[in-house]
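Work through the exercises below with the sequence and the model open. Each task is followed by a solution in steps.

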Amino acid sequence: MNEKRAFITGISGQDGSFLAEFLLEKGYKVFGLVRRMSNPSFPLIDHLLDKVTLIDGDMTDSHSIYKALNEAMPHEIYNLAAQSFVGTSWKQPELTANVNGLGVARLLENVRNICPSAKVFQASTSELYGNTTVMPQHECTPFQPRSPYGISKLYAYWMVVNYRESYNMFCCNGITFNHESERRGIEFVTRKITHGVAEIVARKRNKILLGNTQAKRDWGYSKDYVEAFWLMLQQDEPVDYVVATGEQHSVQDFIDEAFKQAGFDKEDVAYHIGIDERYYRPADVNYLLGDPSKIERGLGWKAKTKFSELVKIMVDSDLKLMGVNK
Ligand code: NAP
Ligand code: F7E
């Protein structure tokens with residue numbers, strides 16, 4: 001009965017699936033909150049279904065969170081559930097606020113009443129910084145979110161800080177910069193590129209249509225980042241940390257690297273890229289670069305996977321998925 005219990009919201013997503021693997025490996029009993037679907041399917045955690053306990057619920061439904069926490073009685077809670085696509089947040093701002101913002105209020109209130117000593121990790125985001133002029137961004141950089149997604153996460157960020165200060169609860173924000181993987185949703189730019197490259201190799205298409213290719217991000221590997229989330233909850237005190245690589249690349253750099261990894265010549269890349277207005281956002285965040293020095297000092301955590309390795313992992317996986325070789 002000494003085994004630790006972890007409750008993951010968003011277990012069916014990119015980070016949730018890696019975190020569940022990581023915690024199972026460490027001997028945790030893992031519970032995950034999943035939404036009802038007309039055709040239940042959890043491709044990213046298919047291989048874990050006999051090892052984790054899935055509980056039906058939704059971040060927009062307080063009662064289901066109440067029931068889930070009562071069943072799991074967790075020592076650690078990882079709140080990864082979100083409407084996580086920035087582009088969609090302009091199309092569904094109310095839903096985004098409900099899931100990402102109010103969802104955190106629902107979770108924290110239920111934790112406070114049911115398992116107040118549980119430690120809570122909140123998946124916060126570099127989108128809080130918006131188009132800041134401070135470079136690189138650190139834990140004290142002022143926030144100026146630039147999308148309904150960023151604003152929803154700003155509310156969540158401050159709820160976490162306030163529950164910590166008001167009720168002495170152990171809850172903390174991982175201000176996490178972009179992290180990708182072979183499990184990344186297909187609409188995010190990195191996976192859209194690697195999947196598109198694989199389709200080009202497989203002769204299923206000729207071009208990848210994109211929006212702002214000059215945007216710059218600090219891209220890491222999701223599998224590395226879930227360890228940082230866990231480390232934050234192994235401490236005696238709750239502390240917010242930036243989780244980042246400290247390296248910045250443009251979308252164009254990602255395109256060039258992905259084609260290179262698939263064996264294309266540099267001069268052939270431009271032919272395969274088209275710009276399409278549909279993929280521009282009403283307002284974009286142009287440059288993000290994280291300063292990971294606090295987490296390196298405080299937790300000894302450092303991103304392991306370099307940019308070119310990350311792109312290779314994703315390209316290789318998509319080529320395999322497509323059944324083609326370089
Ligand atoms: P993801 O792949 O989109 O996963 C999101 C998860 O949330 C999915 O399991 C999804 O379930 C679940 N979810 C969505 N709406 C829900 C609701 N109403 N109730 C319950 N569950 C719901 O996202 P990710 O990349 O793993 O990111 C994990 C978290 O980190 C998110 O909170 C995201 O905002 C944050 N974050 C991500 C990054 C990044 O670069 N990846 C950076 C900063 C912060 P379904 O499978 O049913 O859709
Ligand atoms: O866009 C540009 C786009 O959608 C990156 C989420 O995990 O990280 C992620 O949000 C950049 C933007 O990620 C296309 O305009 C160009 O400047 O891959 P993305 P994101 O918006 O940075 C943060 C930290 C999170 O918290 C979020 O949950 O790429 N871009 N052309 C494009 N983006 C997309 N999606 N599609 C394009 O065709």
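**Exercise 1. Helix α2**

Task: List the buried residues of helix α2 (residues 62-72), and determine how they are placed around the helix axis.

Solution. The model is a predicted one. Step 1: the buried residues of α2 are Ser64, Ile65, Ala68, Leu69 and Ala72. Step 2: looking down the axis of α2, these buried residues fall within an arc of 135 degrees, so they line one face of the helix. Step 3: the spacing fits a general rule, that an α-helix has 3.6 residues a turn, so residues three or four places apart point the same way. Step 4: the cover over the buried residues of α2 includes the strands β1 (5-9), β2 (29-34), β3 (53-56) and β4 (76-79), together with helix α4 (93-114). Step 5: after α2 comes methionine 73, which has a positive phi, near 40 degrees.

**Exercise 2. Arginine 164**

Task: Decide whether arginine 164 is buried or exposed, and find the polar contacts of its side chain with cysteine 171 and aspartate 240.

Solution. Step 1: arginine 164 is part of helix α5. Step 2: its relative accessible area is 16%; the cut-off for a buried residue is under 20%, so arginine 164 counts as buried. Step 3: apart from neighbours within four places in sequence, arginine 164 contacts Met169, Cys171, Cys172, Pro238 and Asp240. Step 4: two of these partners have polar contacts with the arginine 164 side chain. A polar atom of that side chain lies 2.9 Å from the backbone oxygen of cysteine 171, and a polar contact of 2.9 Å joins the side chain to that of aspartate 240. Step 5: the C-alpha atom of arginine 164 is 23 Å from that of aspartate 58, a residue 106 places away along the chain.

**Exercise 3. The shell around ligand 1**

Task: Describe the surroundings of ligand 1, beginning with how many residues surround it and which are the closest.

Solution. Step 1: ligand 1 is surrounded by 24 residues, the closest being Ser12, Arg35, Asp58, Ser84 and Tyr149. Step 2: by class these residues are nine nonpolar, 10 polar and five charged. Step 3: a polar side-chain atom of aspartate 58 lies 2.8 Å from a nitrogen atom of ligand 1. Oxygen atoms of ligand 1 pair with serine 84 at 2.6 Å and with lysine 153 at 2.8 Å. Step 4: on its own, ligand 1 exposes 900 Å², of which the protein buries 87%. Step 5: α1 (14-25), β5 (119-125) and α5 (148-167) are the elements that give two or more residues to the shell. The largest share, three residues, comes from β5.

**Exercise 4. The shell around ligand 2**

Task: Which residues are closest to ligand 2, and how much of the accessible area of ligand 2 does the protein cover?

Solution. Step 1: of the 25 residues that surround ligand 2, the closest are Ser84, Thr125, Tyr149, Arg281 and Asp284. Step 2: the shell divides into 11 nonpolar, seven polar and seven charged residues. Step 3: α6 (189-201) and β8 (208-210) each supply at least two residues of the shell. Step 4: polar side-chain atoms of arginines lie close to oxygen atoms of ligand 2, at 2.8 Å for arginine 184, 2.8 Å for arginine 217 and 2.6 Å for arginine 281. Step 5: ligand 2 has 700 Å² of accessible area on its own, and the protein covers 96% of that.

Technical notes:
Residues numbered from 1 in each chain as written. Chains lettered and ligands numbered in written order. Predicted model: local features only at pLDDT ≥ 70, side-chain atom pairs only at ≥ 80, totals over all residues. Heavy atoms only, no water. Near = heavy atom within 4 Å. Polar contact = N/O pair within 3.5 Å; in protein donor to acceptor, adjacent residues only side chain to side chain. Areas by Shrake-Rupley, 256 points an atom, 1.4 Å probe, with all protein chains shown as cover. Helix = DSSP H or I, 4+ residues; strand = E, 2+ residues; numbered from the N terminus. Nonpolar A, V, L, I, M, F, W, Y, C, P; charged D, E, K, R; others polar. Buried < 20%, exposed > 50% of the residue type's maximum accessible area, 1.4 Å probe, protein only. Contact = heavy atoms within 4.5 Å. Arc of directions from axis to C-beta.
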